[in-house]
Amino acid sequence: MTARPAPPGAASPPGRFITFEGGEGAGKSTQLGRLARTLRETAGRHVVTTREPGGTERAEAIRAALLSGVAKPYGPFAEALLFAAARIDHLDRLIRPALRNGEIVLCDRFADSTRAYQGAAGGVEAGTLLALERVAVGSTRPDLTLILDLPPEAGLARARARAAAGEAPDRFEAEALAFHTRLREGFLAIAAAEPERCAVIDGAQSPEAVEAAIRAAVSARLPGLLLEAPASAREGRDDAA
Ligand code: T5A
């Protein structure tokens with residue numbers, strides 16, 4: 001998960017930053033993997049896949065603390081600060097270098113998750129979180145955010161099925177249904193407020209149907225990205241993830 005510097009003198013087309021958002025078990029990781037494969041194999045693009053919290057060694061250490069629940073007693077604002085700390089390292093060490101290198105960064109969750117989990121669901125005041133976001137994220141905003149939407153019961157059932165297979169529910173999966181309902185409303189409110197950046201995808205469909213909807217959204221919002229890359233965009237870069 002490290003981005004390599006562009007070779008000296010190489011043409012550097014602008015990178016693209018695409019984030020996947022949604023509630024628990026919405027299918028983000030599944031769809032991020034499918035889009036990455038399409039972009040690499042069909043379009044010949046250079047793609048970095050990453051996630052939040054995490055994506056760098058330091059941010060992964062913060063992830064472990066957050067998802068274990070050890071930070072929960074400090075409250076949702078303190079958790080928001082920790083998510084922001086992880087995000088700052090992730091942006092500085094992975095996301096911005098990759099974008100500068102002209103790569104396509106696909107990120108499983110980003111700042112909208114803080115707005116939805118710690119804000120809409122957790123109760124931290126929206127203005128406070130936006131101020132924190134401005135400091136932590138600066139001008140590195142996603143070009144496109146795919147919000148996978150489905151009833152929280154369905155997403156939690158998927159997560160529970162995983163738990164039955166031996167994986168313990170994390171800090172946020174263990175929250176009550178009312179929390180997950182507020183979460184869904186929070187993501188939909190973000191999409192309504194920023195329709196030019198966000199596309200809502202029906203995540204309750206089959207994985208193939210969700211994939212098709214995502215391809216349609218990417219084609220509409222970022223024209224040309226799914227078409228075969230020009231030779232100049234194929235040269236001089238290595239896949240970093
Ligand atoms: N968080 C994160 C915050 O509170 N604030 C923040 O700022 C940030 C960045 C991260 C946690 O941290 C919180 C949110 C999270 O609670 P995580 O482990 O990364 O923890 O959790 P999630 O991002 O929620 O990841 P999940 O794995 O739970 O969900 P995904 O990635 O949305 O779903 P996916 O693809 O793994 O699929 C889940 C299951 O469903 C199946 C898959 O096979 C899998 O078993 N599935 C489908 N089944 C039927 N139909 C489909 N269309 C399916 N798609 C996938």
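**Exercise 1.** What volume does the second largest cavity have, and which residues line it?

*Solution.* Start with the size: the second largest cavity comes to about 70 Å³. This is a predicted model, where local features need pLDDT of at least 70, side-chain atom pairs count only at pLDDT 80 or more, and totals for chains, interfaces and linings use all residues. Residues are numbered from 1 along each chain as its sequence is written, and side-chain values use heavy atoms, with hydrogens and water left out.

A cavity here is a set of points on a 1 Å grid over the protein atoms alone where a 1.4 Å probe fits but cannot get out, and lining residues have an atom within 4 Å of a point. Volume is the space filled by probe spheres set on the points, which are joined across faces, edges and corners.

Now the wall: look for Ala 80, Ala 84, Arg 87, Ala 111, Thr 114, Leu 129, Leu 132, Glu 133 and Ala 136.

**Exercise 2.** Which helix gives the most to that lining of the second largest cavity?

*Solution.* Helices H3 (76–100), H4 (111–121) and H5 (126–137) each supply at least two residues; helices are DSSP runs of H or I with at least four residues, strands are E runs with at least two, and numbering goes from the N terminus. H5 comes out on top with four.

**Exercise 3.** How much space lies in the largest cavity, and which residues lie nearest its centre?

*Solution.* Take about 130 Å³ for the space. Of its 15 lining residues, Gly 23, Glu 24, Leu 150, Pro 152 and Arg 184 lie nearest the centre. H7 contributes the largest share of this lining, four residues.

Definitions and conventions:
1 Å grid on protein atoms, 1.4 Å probe; cavity = no way out; pocket = protein on both sides within 12 Å on 5 of 7 lines; lining within 4 Å.
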